[in-house]
2 protein chains.
Amino acid sequence: MPKVTFIPQNKEVKVEAGTDLLKAADMAGLYIEGDCAGRGTCGKCKVKIAEGEKSKPNKAEEKHLSEKEIDAGWVLACQHKMEKDLVVEIPIQKDAHLRKTSLKGGVEHLSAEPLVEKVHVKMERPAVEDQTADLERLLRHLEKPDLSVELRELSQFPALLRSNSFAVTVAITGNRIISIEPGDTTNQIFGVAFDIGTTTIAGSLIDLKKAEVLAVAAITNPQNAYGADVISRITHASESRENLQQLQDKVIEAANSIIKDLLKQTKVARDRIYEVTAVGNTTMSHLFMGVDPTYLAPAPFVPAYSRALEVEASALGLNINPAGRVIFLPNIAGYVGSDTVGVILATDMDKRTENCAAIDIGTNGELVLAANGRLMACSTAAGPAFEGAQIKHGMRAASGAIELVNYEDGEIKLSMIDDAPACGICGSGLIDSIAALVNAGLIESSGRFVNPEDNPEKVPEQFKDRLRKGTNGYEFVLVAAEDSDTGEDIVLSQGDVRELQLAKGAIYAGLMILLKEAGISKDDLDQILLAGAFGNYVRKESALTIGLLPQLPPEKIIAVGNAAGDGARMALASKSVRDRAKALPEKVEHLELSTRMDFQDIFVDAMSFTKV
Amino acid sequence: MPKVTFIPQNKEVKVEAGTDLLKAADMAGLYIEGDCAGRGTCGKCKVKIAEGEKSKPNKAEEKHLSEKEIDAGWVLACQHKMEKDLVVEIPIQKDAHLRKTSLKGGVEHLSAEPLVEKVHVKMERPAVEDQTADLERLLRHLEKPDLSVELRELSQFPALLRSNSFAVTVAITGNRIISIEPGDTTNQIFGVAFDIGTTTIAGSLIDLKKAEVLAVAAITNPQNAYGADVISRITHASESRENLQQLQDKVIEAANSIIKDLLKQTKVARDRIYEVTAVGNTTMSHLFMGVDPTYLAPAPFVPAYSRALEVEASALGLNINPAGRVIFLPNIAGYVGSDTVGVILATDMDKRTENCAAIDIGTNGELVLAANGRLMACSTAAGPAFEGAQIKHGMRAASGAIELVNYEDGEIKLSMIDDAPACGICGSGLIDSIAALVNAGLIESSGRFVNPEDNPEKVPEQFKDRLRKGTNGYEFVLVAAEDSDTGEDIVLSQGDVRELQLAKGAIYAGLMILLKEAGISKDDLDQILLAGAFGNYVRKESALTIGLLPQLPPEKIIAVGNAAGDGARMALASKSVRDRAKALPEKVEHLELSTRMDFQDIFVDAMSFTKV
């Protein structure tokens with residue numbers, strides 16, 4: 001069997017001849033960026049053959065790789081089949097996940113309200129005159145004779161008692177002793193809040209005695225190997241129980257690697273983590289819990305459950321105290337998940353009296369409106385354009401991504417994350433680029449590039465070389481090959497503009513439908529909250545320029561950070577927030593947009609680049 | 001590695017050279033009778049080398065095997081080490097376990113009160129106008145919005161619903177849905193009641209809708225391989241976690257093989273068993289639950305717990321519905337277990353107003369006294385004599401065991417179980433034999449055989465040949481070699497009589513202490529109940545002759561069958577019986593005899609063979 005060595009990780013794996021490099025990397029526990037689950041259509045899984053014989057490029061590779069790249073040894077991992085031993089270099093995007101994580105947010109104003117109660121007990125020893133069983137002796141001291149106890153903890157309890165002079169600490173959840181620990185550990189109560197994104201999984205370790213975030217960590221969701229979008233993953237899961245199990249295993253492994261990282265950062269012991277909360281879209285929730293998501297995909301988009309699911313950590317194989325509780329917050333509908341519940345919690349949407357909209361733009365766009373005492377939500381299939389997927393040179397918000405674009409003094413000015421040489425365009429950069437080109441008059445309100453042949457007068461001299469014919473319509477060169485990190489031109493294509501138009505039109509139309517249902521107009525809105533990493537980085541001016549948001553005074557548009565993750569933290573720290581979360585599926589009215597003719601009408605209008 | 005083939009089972013196993021045959025049989029999944037856990041002291045693990053070379057008999061074999069046996073190829077399995085390939089015959093005792101099992105008992109007067117409730121639900125299908133999640137749709141129909149659901153059941157619920165036209169049956173325990181089943185299964189609610197004996201494990205499959213016993217099955221407790229008595233097993237378990245796990249695995253495997261048998265007999269589906277109750281002594285309870293029993297052995301004999309433990313079947317690996325509940329009834333003290341709780345339930349001792357004693361004789365003797373509104377219990381280390389262990393030709397109550405012995409018309413008359421040729425003496429036969437020899441004047445009240453040399457006149461002519469010098473004092477030949485199944489004389493030895501004296505003295509003394517504590521005399525007893533298989537088979541006259549029981553009119557002595565097992569069945573069938581059981585540890589006063597001087601005094605007196 002041929003062997004492949006991946007660098008710089010230096011991981012080796014032997015595979016059957018004919019295995020593609022994407023699969024091989026997965027077998028080696030490595031993740032290669034990509035959006036199309038190995039179908040060869042996204043062109044993102046570029047890797048470089050560092051040693052060994054490379055096969056002839058196939059059609060997919062010819063389409064997605066430049067000649068220069070092919071000559072330099074680049075291949076598409078999903079297309080290149082292993083025949084002989086290889087050394088393969090995986091280009092590493094400097095990890096941008098920390099954009100999604102911060103020590104701040106979610107718990108500042110909460111008083112610590114852990115689910116777990118800890119009591120230190122010192123007992124007298126048994127004697128012939130007092131043969132009370134160990135457990136009953138403990139319960140007598142706790143003055144709680146009706147507590148039940150985890151069998152796992154009871155198993156070695158007699159020896160634990162005797163080797164600790166009959167002094168132990170018990171951790172109690174509800175009416176159950178979930179942990180018996182030597183000595184006094186009453187100050188050690190920890191929990192982890194997860195934000196399970198389709199693309200990125202983030203976790204925060206919280207000291208539940210102090211309501212304080214101690215550490216954060218994030219990684220790419222390894223389910224990515226089965227497709228960047230939820231539909232691909234639902235399709236995969238629905239094919240067999242094994243596939244469903246596979247997707248669950250992936251996300252649980254990822255969660256465990258985050259826990260490992262958090263424990264390493266803080267030196268907290270794994271068994272002192274008793275609680276986990278998680279938020280994510282409804283598909284992520286189903287896959288995390290190992291529940292068949294099949295019927296989320298076709299209309300009428302029915303989830304298996306909407307309530308919060310609570311299970312023992314051991315049932316999921318999550319590496320915290322095995323009797324710890326894992327709570328996935330409830331979802332509202334098939335495409336309005338607990339991530340939206342998190343946004344509502346973090347922004348107090350369920351308590352507001354003014355008219356307020358919250359928009360969380362991820363792979364899907366979820367919208368919530370609080371108006372006239374009602375709380376309404378809907379989702380729009382925005383597609384992954386805002387996360388850089390389906391965009392020719394799109395990428396996640398990692399080092400070298402074009403993130404800011406200005407049209408100033410007749411020039412297009414760019415800046416990249418980390419000021420690194422450009423290697424692609426992230427979501428905020430995409431909106432900025434298009435807004436800049438709209439402002440420069442190079443993109444018409446219909447979304448078409450100005451045709452330089454028909455209307456040469458519309459193209460200023462300085463852009464004449466940069467607006468050129470692409471494979472499918474015109475394209476604009478943002479960064480020339482000689483200045484880019486990839487050695488090729490980084491362009492914004494007509495297709496990219498179309499993707500953005502669809503995405504922003506869907507979100508705008510969704511908002512309009514919510515307003516319509518509430519019987520108010522956009523001018524009645526007191527605030528628009530932008531949630532998510534994207535919301536933090538998108539420039540309001542650009543969003544207004546392209547008509548993603550309705551024209552409101554900029555001070556009414558507020559970025560609220562990773563509100564979904566903040567909601568998970570709040571629910572972890574506080575029982576009352578958790579109770580608020582559990583009540584939300586009943587409180588929030590869900591609007592299904594897919595079958596509404598009025599949505600389609602507004603959507604079509606909303607695609608144009610006019611200020612609205 | 002040499003190979004051994006066991007016949008008649010025809011099981012083969014390859015073992016390291018030097019492995020003894022007892023171990024090899026265990027590896028082959030077979031059980032060879034024996035009481036001393038392979039120490040070579042009981043002489044019970046006789047097997048015959050049918051093919052292959054047998055090693056020279058060692059000292060243990062010379063002690064326990066006759067020359068004739070050695071010549072015929074018999075060895076002690078625990079002593080014979082494998083060097084070359086062998087074919088080994090394991091003598092099979094025709095299984096006598098069914099003595100412990102009966103379709104009757106325990107549930108006749110109970111109304112069916114299953115823990116599990118089943119509801120058949122037929123739902124309307126989801127639509128865009130009603131996108132309610134599957135689980136919430138179900139709960140809406142049940143009108144129980146607060147039920148939680150087993151994650152395992154939720155996992156495939158969406159497909160189950162759709163492939164069954166949205167008609168399913170749910171099984172509910174407490175506030176939890178533990179099973180979701182296709183179609184209408186409301187009539188299928190089953191449970192298994194276990195009686196986990198140190199020697200024998202018995203199980204009964206019960207239809208919980210009808211409170212009807214459908215089938216019974218029993219097997220030898222395979223923990224026997226680690227010693228016949230609880231102390232050997234505690235010692236083994238206390239040596240390492242692995243050993244404890246090993247003992248738990250053995251009993252769970254045995255329980256699973258009983259379940260398999262019960263399902264085979266009845267064609268009931270495994271997933272339709274939702275409840276299990278179990279009784280057993282405190283050590284068996286600990287080992288079944290995998291809880292460290294170490295501190296049961298030394299004074300002050302403290303159990304890890306006394307309450308009833310309830311766990312999910314999946315946590316134990318018991319092959320019923322994985323979410324089924326397993327309840328091990330509570331124990332009262334280190335040596336008064338839930339088997340005694342079962343006896344109390346089955347005999348209504350906790351409700352009686354008259355003075356009544358119950359005696360359950362197994363490996364230990366447990367005694368319960370109801371008197372003056374009090375309920376008291378104690379245990380006595382009777383030893384396993386009544387189960388045929390530690391008795392030279394002792395055996396379990398299997399085919400060929402001498403079970404009835406009479407001294408009539410100057411003759412000793414015997415009968416064997418199944419009228420088979422004699423191969424040993426079971427517990428009831430032991431008491432009968434000794435009573436007969438006491439009646440014949442061959443055993444003195446001190447327990448010594450009459451010395452035929454000093455007092456030849458005391459030995460009737462017909463017994464002169466049969467009362468002879470043995471290896472350790474005199475012995476009486478019950479069955480001569482030519483009439484026995486084993487080809488050797490079956491004798492009652494002086495040592496056997498001593499064993500019985502210790503056992504019966506302990507039980508009698510325990511009863512006296514209970515009466516003393518209650519402030520009544522034996523004449524105040526309205527009834528003595530004899531529980532257990534032994535109680536069913538022992539003859540009252542013999543028990544009175546040897547002074548095992550106090551002299552009471554025989555009609556006051558009542559055999560109540562396998563009351564412990566009946567109690568387990570009752571607790572399975574009825575919630576109110578279960579509640580009674582749970583309350584017993586608080587109600588029953590436990591007397592610790594081991595440290596009482598008054599017990600020692602009575603014990604010494606009680607060893608003599610005088611009617612008391």
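This passage describes the domains, the chain arrangement and two helix contacts of a predicted model.

In this predicted model, chain A is divided into four parts, of which domain 1 covers residues 3–89, domain 2 covers 116–182 and domain 4 covers 386–499. Domain 3 of chain A is assembled from two segments, 350–383 and 514–606. Taken over C-alpha atoms, the centres of domain 1 of chain A and domain 3 of chain A are separated by 40 Å.

The two chains are related by a turn of 180 degrees with a shift of 0.0 Å along the axis, an operation that lays chain A on chain B with an RMSD of 0.2 Å. This is therefore the relation of a two-fold axis. Within chain A, the C-alpha nearest that axis belongs to A:A315, at 5.2 Å from it. Both copies use the same surface, since 100% of the contact residues of chain A recur in chain B.

To the contact between the chains, chain A and chain B contribute 37 residues each. On the side of chain A that touches chain B, the elements giving two or more residues are the helices α4 (134–142), α5 (151–155) and α6 (157–163), together with the strand β14 (309–312). By class, the residues of this side of chain A comprise 24 nonpolar, eight polar and five charged.

Within chain B, two helix pairs were examined. In one of them, helix α13 (residues 494–518) and helix α18 (residues 597–606) of chain B have axes that come within 8 Å and cross at roughly 135 degrees, which means that α13(B) is oblique to α18(B). The crossing of α13(B) past α18(B) is right-handed. On the α13(B) side the contact is made by B:G505, B:A506, B:Y508, B:A509, B:M512 and B:I513, and on the α18(B) side by B:D598, B:F599, B:I602, B:F603 and B:A606. The residues of this contact of α13(B) with α18(B) fall into nine nonpolar, one polar and one charged.

In the other pair, the axes of helix α11 (residues 338–347) and helix α16 (residues 563–573) of chain B come within 7 Å and cross at roughly 75 degrees, so that α11(B) and α16(B) are roughly perpendicular to each other. From α11(B), the residues B:D339, B:V341, B:G342, B:V343, B:L345, B:A346 and B:T347 meet B:A563, B:A564, B:G565, B:D566, B:G567, B:A568, B:M570 and B:A571 of α16(B). The contact of α11(B) with α16(B) contains nine nonpolar, four polar and two charged residues.

Key
Residues are numbered from 1 along each chain as its sequence is written. Chains are lettered from A and ligands numbered from 1 in the order in which they are written. This is a predicted model: local features need pLDDT of at least 70, side-chain atom pairs count only at pLDDT 80 or more; totals for chains, interfaces and linings use all residues. Domain bounds come from an automatic or database domain assignment. Axes are lines fitted to C-alpha atoms, for helices over the stretch in contact, and angles run from 0 to 180 degrees between N-to-C directions. Helices (H or I, at least four residues) and strands (E, at least two) are DSSP runs, numbered from the N terminus. Angles under 35 degrees count as roughly parallel, over 145 as roughly antiparallel, 65 to 115 as roughly perpendicular and the rest as oblique. A crossing is left-handed if the near helix is turned anticlockwise from the far one by less than a right angle, and right-handed if clockwise. Two residues are in contact if their C-beta atoms, placed from the backbone, lie within 7 Å. Ala, Val, Leu, Ile, Met, Phe, Trp, Tyr, Cys and Pro count as nonpolar, Asp, Glu, Lys and Arg as charged, and the others, Gly among them, as polar. Copies are superposed by least squares on the C-alpha atoms of residues with pLDDT of at least 70 in both.
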